[in-house]
Amino acid sequence: MLKKKDIVNIGDISNEDIFKVFENASKFKKKLSKEEKIKTMDGKIMTTLFFEPSTRTRLSFESAMHRLGGSVITVSEPKSSSASKGETVADTIRMASSYSDIIVMRHPMEGAARLASEFSSVPVINGGDGSGQHPTQTLLDLFTIWEKFGTFNGLHITMAGDLKYGRTVHSLIRALNRFDTTISLVSPESLEMPDHIISTLKNPEKVIKSKSLDEVLNSSDVFYVTRIQKERFVDLNDYAKVIGSYSFDIDTVSAMKETAIILHPLPRVDEISPEVDNDPRATYFKQAENGVFVRMALIDMILGGE
Amino acid sequence: MSEEKTLKISKIEDGIVIDHINPGSAMEVLSVLKINGKSGFTVSLLMNVRTSKGNSKDVVKIEKKNLRKKELDLISMVSPNATINIVENFVIKEKFNVSLPETVHDIIRCQNQNCVTNAKEPVKTVFTMEKKGDKLLYRCHYCERTMTMDEIRNSITK
Ligand SMILES: [Zn+2]
């Protein structure tokens, strides 16, 4: 039951509800492909508060709300408005919740979404907090995997790249570990998955650190690739070295299972070469597209009947 | 030296005796209770006293002082084995061990500088105890990062 619920982290959503989100997302996907009009959120208002720039997440949330027949109010540039005048998140949220039925917030500080949910009188969806959680990205990642395999059980998932600062992998590993999956982690030592994430896992023994991509290339069903940010490196030579061993080109991809898929939260830079885009295993654009359907399902379940 | 004898060194009329403090931690106990020379309390402090079992301990006695829940929590985090004796009219009225709280409100400062509790927001910190094998951790309710007992001790005695 997601009715009236806050979605701060993926732990707020049960496995049962995850599958309900998938069902609804598939339903909306089908309806939209037939250009059916949907009016379930008619008269409802969503506030989007992005205290940190984001194109994809914001557009996808706003598109989802409009597609459901609802409307969106937003602050074009929170940096130039209340926040920079020193207004607290708590006060901004109190105000926004009196104007709308649901709030989507992204904030550069960890824990900001939890705090917002405590001061809001309407449901809050976390659109990413610092290097913390990004639960709706996780839902669309999961949905994309589920669409392909129809299950999570028995899958081998490899997460590669920046596993330390990449918040999408922090949420995703928690969710996947709730199912019977094997997860391999491949990252430079300085960008490993933090202990405070590993320590939250129900089945940490199903998570294996791998030294290189080669080890897992022909056994993984899903490759979840994240961006390694140049800014994380003092020496650009180190960056060049690292990017070399964690990037995907046509040769890497040809060593994978035929049925494998490659996901990436986007935007990608050097991690996946554009020549991979036409390979049937490249699934990242489809994944981004799924963001709208999954968010439609989530909004509809929180504000609607179910 | 027996416990009885320790207590006799400077028997107090009314107040508290914090006994079995980890050796060397007496000053930290006073520090988390915000007791310094200026607070007006009559305080006696014993460091590295030999116990009957041959171990060492520190003892702190504070006259005319009551302990609130928050102060007991603070003591437990500095010295989890400490015992509290409440003295009235030279008699020990009550004696108990401190215990580490499952949930800690408004005591621990989150060491994650990017945690929202370190911004100017109207919230108090909340940490919840987690046991991982024999390791004890406290997790921040907001940013969900964890702190070890050593990190907590450092942060509250600063
Ligand atoms: Zn925190």
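Colleague: Let's start in helix 2 of chain A: is Arg58(A) buried or exposed?
Modeller: Keep in mind that this is a predicted model. Buried means under 20% relative accessible area. For Arg58(A) the relative accessible area is 14%, so Arg58(A) is buried.

Colleague: Which residue forms a salt bridge with Arg58(A)?
Modeller: The partner sits in helix 2 of chain A as well, 4 residues away, so about one helical turn separates the two. An α-helix has 3.6 residues a turn, so residues three or four places apart point the same way. The partner is buried too, with a relative accessible area of 15%. With the closest N and O atoms 3.4 Å apart, the residue that pairs with Arg58(A) is Glu62(A).

Colleague: And just before that helix, which backbone nitrogens lie 3.4 Å from a polar atom of the side chain of Ser54(A)?
Modeller: Ser54(A) belongs to the loop between strand 1 and helix 2 of chain A. Ser54(A) is buried, at a relative accessible area of 16%. A polar atom of its side chain lies 3.4 Å from the backbone nitrogen of Thr57(A), and likewise 3.4 Å from that of Arg58(A).

Colleague: What do strand 1, helix 2 and strand 2 of chain A make together?
Modeller: Strand 1 covers residues 45-50 and strand 2 residues 71-74; they run parallel and 4 bridges join them. Within this pairing, Met46(A) stands opposite Val72(A). Together with helix 2, residues 56-67, the two strands make a right-handed β-α-β unit.

Colleague: Moving to helix 1 of chain A, which helices do its buried residues pack against?
Modeller: The buried residues of helix 1 include Ile18(A), Val21(A), Phe22(A), Phe28(A) and Leu32(A). Among them are also Asp17(A), Asn24(A) and Lys29(A). Their packing partners in chain A are helix 2, helix 5 and helix 10.

Colleague: How far apart are the end C-alpha atoms of helix 1 of chain A?
Modeller: The helix has 19 residues, and at 1.5 Å a residue it should span 27 Å. After the helix comes Glu35(A), with a positive phi near 55 degrees. The end-to-end distance in the model agrees with the expected span: 27 Å.

Colleague: Which residue does the side chain of Lys29(A) meet in a salt bridge?
Modeller: The N to O distance of this pair is 2.7 Å. Lys29(A) lies in helix 1 and its partner in helix 5, so the pair ties together parts that are 118 residues apart in sequence. The partner counts as partly exposed, at 30% relative accessibility. That residue is Glu147(A).

Colleague: Over in chain B, which residues are linked with Lys65(B) in a network of salt bridges?
Modeller: One link of the network joins Lys65(B) to Glu71(B) at 2.9 Å, N to O. Both of these residues are buried. The residues linked with Lys65(B) are Arg68(B) and Glu71(B).

Colleague: Which side chain makes a polar contact with the side chain of Glu151(B)?
Modeller: Glu151(B) lies in helix 4 of chain B and counts as partly exposed, at 30% relative accessibility. Leaving out residues up to four places away in sequence, Glu151(B) touches Gln111(B) and Thr146(B). The polar contact, at 3.1 Å, is with the side chain of Gln111(B).

Colleague: To finish, how many salt bridges does the structure hold?
Modeller: We have met several, including Glu62(A) with Arg58(A) and Glu71(B) with Lys65(B). Over all chains, the number of salt bridges is 20.

Notes: Residues numbered from 1 in each chain as written. Chains lettered and ligands numbered in written order. Predicted model: local features only at pLDDT ≥ 70, side-chain atom pairs only at ≥ 80, totals over all residues. Heavy atoms only, no water. Pairing = 2+ DSSP bridges. Right-handed = clockwise from strand over helix to strand, strands pointing away. Salt bridge = Lys/Arg side-chain N within 4 Å of Asp/Glu carboxyl O. Buried < 20%, exposed > 50% of the residue type's maximum accessible area, 1.4 Å probe, protein only. Expected span 1.5 Å × (residues − 1). Contact = heavy atoms within 4.5 Å. Polar contact = N/O pair within 3.5 Å; in protein donor to acceptor, adjacent residues only side chain to side chain.
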